[in-house]
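Welcome to a short set of exercises on one protein chain. Please work through each task with the model open beside you, then compare your route with the worked solution.

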Amino acid sequence: MEAPPPAGLDALVRAADLVVAATDDPAAQRALDRFAYARGRPAVFVGLYAGARGGEVILSVPERPP
């Protein structure tokens, strides 16, 4: 699937209550994070590594500091 243009991505994020980054593309995750943070939307980023033997879940909430 081809990524939407920035204006389309911004519109999707604005319409969402929660952004779920279901991609393994770091550039796409960075873009989603930037748009979600700028629009005050919480976002969840999931990553697997080591042949899916390990992973991480990152929650980004704009109102809360890191």
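## Getting started

Of the 66 residues of the chain, 23% count as buried, where buried means under 20% relative accessible area, exposed over 50%, and partly exposed in between, with a 1.4 Å probe and protein chains only. This is a predicted model, in which local features need pLDDT of at least 70, side-chain atom pairs count only at pLDDT 80 or more, and totals for chains, interfaces and linings use all residues. Residues are numbered from 1 along each chain as its sequence is written, and side-chain values use heavy atoms, leaving out hydrogens and water.

## Exercise 1: the outline

Task: find how many helices and strands the chain has, and in what order the elements run.

Solution. Begin with the DSSP runs: helices are H or I runs of at least four residues, strands are E runs of at least two, and both are numbered from the N terminus. The chain has two helices and three strands. Read from the N terminus, the elements run α-β-α-β-β. For the overall dimensions, the C-alpha trace spans about 35 × 30 × 15 Å along its principal axes.

## Exercise 2: the sheet

Task: work out the strand order of the sheet and the sense in which each pair of strands runs.

Solution. Two strands pair if DSSP finds at least two bridges between them. Applying this gives an open sheet of three strands in the order 1-2-3, with mixed pairing. The edges are strand 1 and strand 3 (54-60), each of which pairs on one side only.

Next, take the pairs in turn. Strand 1 and strand 2 are parallel, over three bridges; here Val-20 has Val-44 in strand 2 as its bridge partner. Strand 2 and strand 3 are antiparallel, over seven bridges; here Tyr-49 has Gly-54 in strand 3 as its bridge partner.

## Exercise 3: helix 2 and its two sides

Task: which residues of helix 2 are buried, and which exposed residues does the opposite face carry?

Solution. First, check the helix itself. Helix 2 has 13 residues and reaches 18 Å from its first C-alpha to its last, close to the 18 Å expected at 1.5 Å a residue; the expected span is 1.5 Å times one less than the number of residues.

Second, list the buried residues of helix 2: Ala-31, Leu-32 and Ala-36. Seen down the helix axis, they fall within an arc of 125 degrees, so they line one face of helix 2; the arc is that of the directions from the helix axis to the C-beta atoms. The face turned away from the buried side carries the exposed residues Arg-34, Tyr-37 and Ala-38.

Third, ask what lies over the buried residues of helix 2: the cover includes helix 1, strand 1 and strand 2.

## Exercise 4: the core

Task: name the residues of the largest nonpolar core and find which element gives the largest share.

Solution. A nonpolar core is a set of buried Ala, Val, Leu, Ile, Met, Phe, Trp, Tyr and Cys residues joined through side-chain atoms within 4.5 Å. The largest one has nine residues: Leu-9, Val-13, Val-19, Ala-21, Ala-31, Leu-32, Ala-36, Ala-43 and Phe-45. Helix 1 (6-15), strand 1 (19-21), helix 2 (26-38) and strand 2 (43-49) each give two or more of them. The largest share, three residues, is that of helix 2.

To zoom in, follow Leu-32. Setting aside neighbours within four places in sequence, Leu-32 is in contact (heavy atoms within 4.5 Å) with Leu-9, Val-19, Ala-21 and Phe-45.

## Exercise 5: unusual phi values and a remote pair

Task: where are Ala-50 and Ala-52, and what phi does each take?

Solution. Ala-50 is in the loop between strand 2 and strand 3, and Ala-52 lies in the loop between strand 2 and strand 3 too. Although not a glycine, Ala-50 has a positive phi of about 55 degrees. Ala-52, not a glycine either, has a positive phi of about 70 degrees. As to accessibility, Ala-50 is partly exposed at 42% relative accessible area, while Ala-52 is exposed at 54%.

Task: which residues does Arg-14 touch, not counting residues up to four places away in sequence?

Solution. Start in helix 1, where Arg-14 lies. Its contacts are Arg-39 and Arg-41, with residues up to four places away in sequence not counted. Arg-14 and Arg-41 are 27 residues apart in sequence and 7.8 Å apart in space, C-alpha to C-alpha.
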